[in-house]
Amino acid sequence: MIIEVHIGTLTSDEAFTFTDWTAEMKAKASICISEDDTLIESLEIAKGRIQIMIDKGMDNANQVLKGLVDKANTRITELKTGIKPALRPDANAKYYAEVIIDLDEIAEPMIADSRCEQ
């Protein structure tokens, strides 16, 4: 199964953690759908981290790190102008199942492993 998560306010770091958990649930793949503003926030965080590396002299002669910052800036412009919004499911997407979880009811993080026996 492929899991599609619709918590649009997860930054890329949070989404990575969430998709890592889905791998532990034996999902073949997963994706977190982001809102435009959240994707912009994630890109800004990534740009800041890359800029620190550039400032420390870690970029190479081809300026690969600078190129990543430029790509992030381009993507941010696409999002802000609406030219290319964040990924969204197709209106006619069909799902095997839909599960809605009220996150307010979760008191602490839990991870299950179906391989464990009682």
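How many residues apart in helix H2 are Lys-47 and Glu-44, and what separation in helical turns does this give? In this predicted model, Lys-47 and Glu-44 are three residues apart in helix H2, and therefore about one helical turn separates them. An α-helix has 3.6 residues a turn, so residues three or four places apart point the same way. Lys-47 and Glu-44 form a salt bridge, in which the closest N and O atoms are 3.4 Å apart. The two partners differ in accessibility class: Lys-47 is buried, at a relative accessible area of 16%, whereas Glu-44 is partly exposed, at 36% relative accessibility.

The structure holds five salt bridges, including the pair just described. Side chains of opposite charge can pair when their charged atoms come close. Another of the salt bridges joins the side chains of Arg-49 and Asp-13, with an N to O distance of 2.6 Å. Because Arg-49 lies in helix H2 and Asp-13 in helix H1, this pair ties together parts that are 36 residues apart in sequence. Both partners fall between the cut-offs of 20% and 50%: Arg-49 is partly exposed at 44% relative accessibility, and Asp-13 is partly exposed at 37%.

A salt bridge is also found between Glu-78 and Arg-75, whose closest N and O atoms lie 3.3 Å apart. Both residues belong to helix H3, where they are three residues apart, about one turn of the helix. Glu-78 is partly exposed, with a relative accessible area of 22%, while Arg-75 is buried, with a relative accessible area of 18%. The cut-off for a buried residue is 20%, so Arg-75 at 18% counts as buried and Glu-78 at 22% does not.

Helix H2 covers residues 36-55. At 1.5 Å a residue, its 20 residues should span 28 Å, and the end C-alpha atoms are 28 Å apart, so the two values agree. The buried residues of H2 are Asp-36, Thr-38, Ile-40, Ser-42, Leu-43, Lys-47 and Ile-50. H1 and H3 are among the parts that cover these buried residues. After H2 comes Gly-57, which has a positive phi, near 80 degrees.

The largest nonpolar core consists of six residues, namely Ile-40, Leu-43, Ala-72, Ile-76, Leu-79 and Ala-86. Two or more residues are given to this core by helix H2 (36-55) and by helix H3 (64-81). H3 provides the largest share, three residues. Ile-40 and Leu-43 of the core are also listed among the buried residues of H2. For Ala-86, contacts beyond its neighbours within four places in sequence are made with Ser-34, Glu-35, Asp-36, Leu-39, Arg-75 and Leu-79. One of these contacts, Leu-79, is itself a member of the core, and another, Arg-75, is the salt-bridge partner of Glu-78.

A search of the whole structure for aromatic pairs finds one. In this pair the rings of Phe-18 and Trp-21 have centres 5.9 Å apart and planes at 50 degrees, so the arrangement is tilted. The tilted class lies between the limits of 30 degrees and 60 degrees. Phe-18 and Trp-21 are three residues apart in helix H1 (residues 12-24), and about one helical turn therefore separates them. Both are partly exposed: the relative accessible area is 25% for Phe-18 and 33% for Trp-21.

Two loop residues, Thr-11 and Lys-28, were also examined. Thr-11 is placed in the loop between strand E1 (2-5) and H1. Thr-11 is buried, with a relative accessible area of 13%. With neighbours within four places in sequence left aside, Thr-11 contacts Thr-38, Glu-41 and Ser-42. Of these contacts, Thr-38 and Ser-42 appear among the buried residues of H2. Lys-28 is placed in the loop between H1 and strand E2 (29-32). In contrast to the buried Thr-11, Lys-28 is exposed, at 74% relative accessibility. The C-alpha atom of Lys-28 is separated by 33 Å from that of Lys-66, and the two residues are 38 residues apart along the chain.

Note on methods
Residues numbered from 1 in each chain as written. Predicted model: local features only at pLDDT ≥ 70, side-chain atom pairs only at ≥ 80, totals over all residues. Heavy atoms only, no water. Phe/Tyr/Trp six-rings, centres within 6.5 Å; stacked < 30°, edge-to-face > 60°. Helix = DSSP H or I, 4+ residues; strand = E, 2+ residues; numbered from the N terminus. Buried < 20%, exposed > 50% of the residue type's maximum accessible area, 1.4 Å probe, protein only. Contact = heavy atoms within 4.5 Å. Core = buried A, V, L, I, M, F, W, Y, C linked by side-chain atoms within 4.5 Å. Expected span 1.5 Å × (residues − 1). Salt bridge = Lys/Arg side-chain N within 4 Å of Asp/Glu carboxyl O.
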